[in-house]
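Let's take a walk through this model together, starting at the ligand and moving on to the domains and the salt bridges.

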Amino acid sequence: MKTYRIAAIPGDGIGTEVVGAGVAVLAALAAREGSFAFRFDHFDWGGEYYKRHGRMMPEDGREQIRHHDAILFGSAGHPEIADHITLWGLRLAICQPFDQYANVRPTRILPGITSPLRGVTGPELDWVIVRENSEGEYAGVGGRVHQGMAEEAATDVSLMTRAGVTRIMRFAFRLARGRPRKLLTVVTKSNAQRHAMVMWDEVAAAVAAEFPDVTWDKMLVDAMTMRMTLKPQTLDTIVATNLHADILSDLAAALAGSPGIAPTANLNPERTFPSMFEPIHGSAFDIMGKGIANPIGTFWSAVLMLEHLGEAGAAARLMKAIERVTADPALHTPDLGGRADTRAVTEAVIGAIRA
Ligand code: NAD
Ligand code: MN
């Protein structure tokens, strides 16, 4: 029997609550399927680890997870540690060296969930956002001089490479081609940013020629926020830079009901390194430790993980179990206006898997 080795990295805040729930659900799913098993290795990396060791993960941390089949991640972010240290020390320290350049974020309105958009009940909003996940605004290029002085200067340089843009465009066009509408929107800001974003547009047009069966258009990012809220049904697959897609996908999550639901896959499509699956939300300092975090985003991320592992049947079973649970308002956590806690939702999903 195939055994998948999964590195579970809960991180901080509600990350620890939702990843624990995700591991329980995946174990129940494997038992139900009977055709494969999971072996979870747990890593206590994150803010508490930082307080003890002065770093977010051990020096050889990546070596320890290098040969796992996938990574299930929670969140990096600790109330006592600066956000750029926790993010760069853990999440980006895995994503970037493991070349997980394609960040895929599906968004739909699940059964029983109400969109804040008037008149939008479900079929009007069914998107996949592809986020460039290795360079751009989050390349980490920049610096500060004369720190704290009046003459201080600081830069964050957005770095784009033709190779990096080409591979994310190919990935997005291929993904769009695999969906029924074969429709891709390329998000840009090439009116104000006249160098890298112009190259981004040029590469998009060149790659589009390789995909004559995909209909595509181009949208400035500011106008895109309006199109997402006013005409959601005109969108299907969306590709955007690291920063733009980071922001647009939080908007997408809110329009689909709650940031607690939205999933992410950080893919290394060539499979040279393990890919990483995580809810899009962060540590949620305001609700951590209360046991009320919505675990659905993590469960849906587990669906993406199963698809990546080639377990399509198990992925479909888990997605169906999730949808059966969201359909019942008595099983909604407070972010969805309900009163259920993490544990009740987790037990209900496990129950639906077994049914
Ligand atoms: P956040 O996603 O943690 O929280 C935003 C809001 O959404 C909060 O009100 C929170 O309660 C709510 N929320 C988020 N997930 C929820 C869930 N599963 N169930 C119910 N409610 C949920 O974003 P933030 O407040 O901007 O960031 C907090 C910390 O998390 C920061 O340190 C930030 O850097 C970090 N962060 C990490 C990641 C990551 O590791 N991938 C992503 C985003 C933020
Ligand atoms: Mn984000």
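A backbone N or O atom of Ser 283 sits 3.0 Å from an oxygen atom of ligand 1. This is a predicted model, in which local features need pLDDT of at least 70, side-chain atom pairs count only at pLDDT 80 or more, and totals for chains, interfaces and linings use all residues. Residues are numbered from 1 along each chain as its sequence is written, chains are lettered from A and ligands numbered from 1 in the order in which they are written, and side-chain values use heavy atoms, with hydrogens and water left out.

**Around the ligand**

Ser 283 has company: the table lists backbone atoms beside ligand 1, with a polar contact meaning a pair of N or O atoms within 3.5 Å; within protein, one must be able to donate a hydrogen and the other to accept it, and residues adjacent in sequence count only if both atoms are side-chain atoms.

| Residue (backbone atom) | Atom of ligand 1 | Distance |
|---|---|---|
| Gly 282 | oxygen | 2.8 Å |
| Asn 294 | nitrogen | 2.9 Å |

Ligand 1 has 21 residues around it, and those that come nearest are Asp 83, Gly 282, Ala 284, Asp 286 and Asn 294. Here, a residue is near a molecule or strand if one of its heavy atoms lies within 4 Å of it.

**Two domains and their interface**

The domain assignment splits the protein chain into domain 1 (1-114 + 269-355) and domain 2 (115-141 + 157-256); such bounds come from an automatic or database assignment. Their C-alpha centres are 24 Å apart. In contact (heavy atoms within 4.5 Å) are 19 residues of domain 1 and 30 residues of domain 2.

Between them the two domains bury about 2000 Å², with 55% of it on carbon and sulfur atoms. Buried area is the accessible area (1.4 Å probe) that two parts lose on being put together, summed over both.

Which residues form the salt bridge between the domains? Arg 167 pairs with Asp 99, their closest N and O atoms being 3.0 Å apart. The count between domain 1 and domain 2 is one salt bridge, defined as a side-chain nitrogen of Lys or Arg within 4 Å of a carboxyl oxygen of Asp or Glu. Eight residue pairs are in polar contact across this interface (both at pLDDT 80 or more).

**Salt bridges in the whole structure**

The whole structure holds 20 salt bridges. One joins Arg 317 to Glu 33, with the closest N and O atoms 2.6 Å apart. Arg 317 lies in helix H10 (residues 312-326) and Glu 33 in helix H1 (residues 14-33), so this pair ties together parts 284 residues apart in sequence. Helices (H or I, at least four residues) are DSSP runs, numbered from the N terminus.

Key
Helices (H or I, at least four residues) and strands (E, at least two) are DSSP runs, numbered from the N terminus.
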